[in-house]
Amino acid sequence: MKRGLYFSLAGDGIRKNKRLYLPYILTCIGMVMMYYIILFLQLDPMISAVPFGGNAQLCLFLGGWIIAVFSCLFLFYTNSFLIRRRKQEFGLYNILGMGKKHVCRVLFYESLIVAVISIVSGLVVGTVFSKLAELGMIYILEQPVDFTFKLSIQAVGQTILVFIAIFILLYLNNIRQIYSQTTLSLLGSEKAGEKPPKANWIPGLAGAVILGWAYFIAVTIENPVAALVNFFFAVILVIIGTYLLMISGSVLFCRILQKNKNYYYKKNHFISVSSMAYRMKRNGAGLASICILSTMVLVMISSSSCLYFGLDDALKGHYPSSINLTLYAEGPEGVSDEKLNTLAVFNENFAASRGVRIKQKEMNRSASIAGFFADGVFETNQSDTNSRLMLDGSNIVMVHFMPVGDLNRASGKGFTLSDDEVLLFADNRGYEMEMLNVANVKSYKVKENLSEDYMGFSDSKDVVDSVYVFVNSLDTSLKGLEVLTNEGGSNELQYNISTGFDLDITPEEQIAFFNDYKKVYYDAGLGFASESITSREYFRGEFLVTFGGLFYLGIILSIVFILAATLIIYYKQVSEGYEDQSRFEIMQKVGMTGREIRQSINSQILTVFALPLLMAGIHVCFAFPVIKQMLALFGLHNVKLFVGTSVISFVIFAVLYVFVYRVTSNAYFNIVSAER
């Protein structure tokens, strides 16, 4: 055969199946466009020139990999709809004398046409919109705008290579399917799956148990480190549980509807439920995919927008004052009253020399140590603590020993203690006790478990549980604990002074003040072993770039996943429309009107496609506690903001979902009612 014939057959195949190929090609173009834009922004010198711009480009680098992997998996999934619809046509080619190698040549030219159109069009559209994407990114990062148009040759080359590889894999998979089936099986592919599956309770129950396990993990996590460790495991459980539950549960759902005589024996329900019952195994997998994609969209856009719009709250969580100081000492003498006075005088003198008035915060002294409670004993072995932290941070505790005098000064109270007595505050985390045994080295009598937070510990940015233990004196009360040494031989107790002060000057002046303060502080040599000096305004840029990059990436990935969910819904409607066409033709011949067909279709589609949205909403609700804990890693504790972004995201997504439902129901109706 002449090559021109193969090319002509390939073109005719795409043209005659444009209802299937057009959305597929448009989706491929969208994937290429999004991937190019991500690479363009990642390599953009304008973004790399932004202070801390490397953080945003790291987010984009990870986003590029996500889109590349997702594009491959998703195009394999959607290509299966295309090849399944075309198998009958390929079987007919076999009967007419074309061998499978000739069919594969037709497929080669089809793949080539789709690949060329998708890659070229995607790069053209991506190049056009890349400048708009760059301006949007620069706007979010609050940087000056440059309207110079640029083309990234490196991004173009990498995009071409990635998608050529994807289309080659798709073509090889199509060849595998053609050669793995006989001519008769190809001809009968459209009728495959007509036998109604049985309602299998075992996978359904397994799915419910796995999903319940994931929900239990999400709602019982109590600190950010545990949330980070367990989040991805819980996500895998949710995906597995959703697929098992929807594949088996959907079949069972149809059986329950069929047993409900008041619902089933109505003309607008009878046909739709009967049709669904025949293909719910495939239907369930598609619905689970839609549900997972919907959940990903809702989680990404709600959490990333919460971070972006909660930037100020996150900054205050990490940096409660304009200038924040944590000064570390070798022992209790390094955090004495004299040291506090020296530091306070230094701060006042420096501010006065710059003509700036400061508002100093309380100076809190502590000796901190990490460990875990085991059989009523607070164990501090460093290797065991680190191992537990890596596996599950939920049982790691930071104990902060603080002088009771600091508590009295902050609260106005008059607590008194002996050297073997302590006051304990654990922020209602269940650590109330009568005796505190530290590594079987020293024990303290807990004089009182404090229920009131006198020093603002509830707003602490600690990512693990903290227990605050007030002692008579850091010098005398902790004697004996110096035997607790780490692997390097130094004392595990970390003595420090934590304080800060606020400045009533402009952000630019605060940054200049901060830079001068650090220089003068280091030159003064106040005698501390080490220090951490930070400025809220100085690090605002880093937070803005990081959160802005995550927010922008969340928007792009959400668009990609919404397009993917839309295409899955569309292909489900089209493929099932062709399967149901013969049934509705019979019903039309026996007197069923177009209006009754529309009612039956609406009943079927609404029954099926309401499930993923409902399930996605349930997933997001149960994911709320673990995402809230993960946001705390960024210093964000504004629960009301997260609730607001989650609700708004769900409402907007639900509106888009209903719109897609209406459009796809029209496509289904046009097929089954034979309208052209």
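Residues 24 or more positions apart in sequence supply 83% of the protein's contacts that have a separation of 6 or more. The structure is a predicted model. Its 676 residues are 51% buried, and its secondary structure consists of 20 helices and 11 strands. The accessible surface amounts to about 31300 Å², with 62% of that area belonging to carbon and sulfur atoms.

**Packing of α2 with α5**

- Helix α2 spans residues 18-43, and its axis comes within 7 Å of the axis of α5, with a crossing angle of roughly 45°.
- This angle makes α2 oblique to α5, because it falls neither under 35 degrees, the limit for roughly parallel, nor in the range of 65 to 115 for roughly perpendicular.
- The crossing of α2 over α5 is right-handed.
- By class, the residues in the contact of α2 with α5 comprise 18 nonpolar, 6 polar and 2 charged.

**Ile117 in α5**

- Ile117 belongs to helix α5, which covers residues 100-140.
- Which residues does Ile117 contact, leaving aside neighbours within four places in sequence? They are Ile25, Ile29 and Gly122.
- The C-alpha atoms of Ile117 and Ile29 are separated by 7.9 Å, although the two residues are 88 positions apart along the chain.
- Ile117 has a relative accessible area of 35% and is therefore partly exposed, since the value lies between the 20% limit for buried and the 50% limit for exposed.

**Packing of α14 with α17**

- Two packed helices are described by the angle between their axes and the distance between the axes.
- For helix α14 (residues 337-353) and helix α17 (residues 507-524), the angle is about 130° and the axes are 11 Å apart.
- α14 and α17 are therefore oblique to each other; an angle over 145 would be needed for roughly antiparallel.
- The crossing of α14 and α17 is right-handed.
- From α14, the contact draws on Leu343, Phe346, Asn347, Phe350 and Ala351.
- From α17, the contact draws on Phe513, Asp516, Tyr517, Val520, Tyr521 and Ala524.
- The classes represented in the contact of α14 with α17 are 9 nonpolar, 1 polar and 1 charged residues.

**Ser294 and Thr295 in α12**

- Ser294 lies in helix α12, which runs over residues 280-309, and Thr295 is found in α12 as well.
- Is Ser294 buried or exposed? Ser294 has a relative accessible area of 0% and is buried.
- Thr295 is also buried, with a relative accessible area of 11%.
- Apart from neighbours within four places in sequence, Ser294 is in contact with Ala616, Phe653 and Tyr657.
- With residues up to four places away in sequence not counted, Thr295 touches Ala616, His619 and Val620.
- Ala616 therefore appears in the contacts of Ser294 and of Thr295, a contact being defined by heavy atoms within 4.5 Å.

**Helix α16 and its cover**

- Helix α16 spans residues 404-411, and its buried residues are Val404, Asp406, Leu407, Asn408 and Ser411.
- Which strands are included in the cover of the buried residues of α16? The cover includes β3 (364-374), β5 (397-403), β6 (421-425) and β9 (465-471).
- Just after α16, Gly412 adopts a positive phi of about 75°.

**Positive phi in the loop between β7 and β8**

- Most residues other than glycine have a negative phi.
- Ala439 is a residue other than glycine with a positive phi, near 55°.
- Ala439 is located in the loop between β7 (435-438) and β8 (442-449).
- Asn440, which is not a glycine, also has a positive phi, of about 60°.
- Asn440 has its place in the loop between β7 and β8 too.
- Which relative accessibility does Ala439 have, and does Ala439 count as buried or exposed? The value is 17%, so Ala439 counts as buried, the limit being under 20% relative accessible area.
- Asn440, by contrast, has 56% relative accessibility and therefore counts as exposed, the limit being over 50%.

Key:
Residues are numbered from 1 along each chain as its sequence is written. This is a predicted model: local features need pLDDT of at least 70, side-chain atom pairs count only at pLDDT 80 or more; totals for chains, interfaces and linings use all residues. Side-chain values use heavy atoms; hydrogens and water are left out. Axes are lines fitted to C-alpha atoms, for helices over the stretch in contact, and angles run from 0 to 180 degrees between N-to-C directions. Helices (H or I, at least four residues) and strands (E, at least two) are DSSP runs, numbered from the N terminus. A crossing is left-handed if the near helix is turned anticlockwise from the far one by less than a right angle, and right-handed if clockwise. Ala, Val, Leu, Ile, Met, Phe, Trp, Tyr, Cys and Pro count as nonpolar, Asp, Glu, Lys and Arg as charged, and the others, Gly among them, as polar. Buried means under 20% relative accessible area, exposed over 50%, partly exposed in between (1.4 Å probe, protein chains only). Accessible areas come from the Shrake-Rupley method with a 1.4 Å probe; for residues, only the protein chains shown count as cover.
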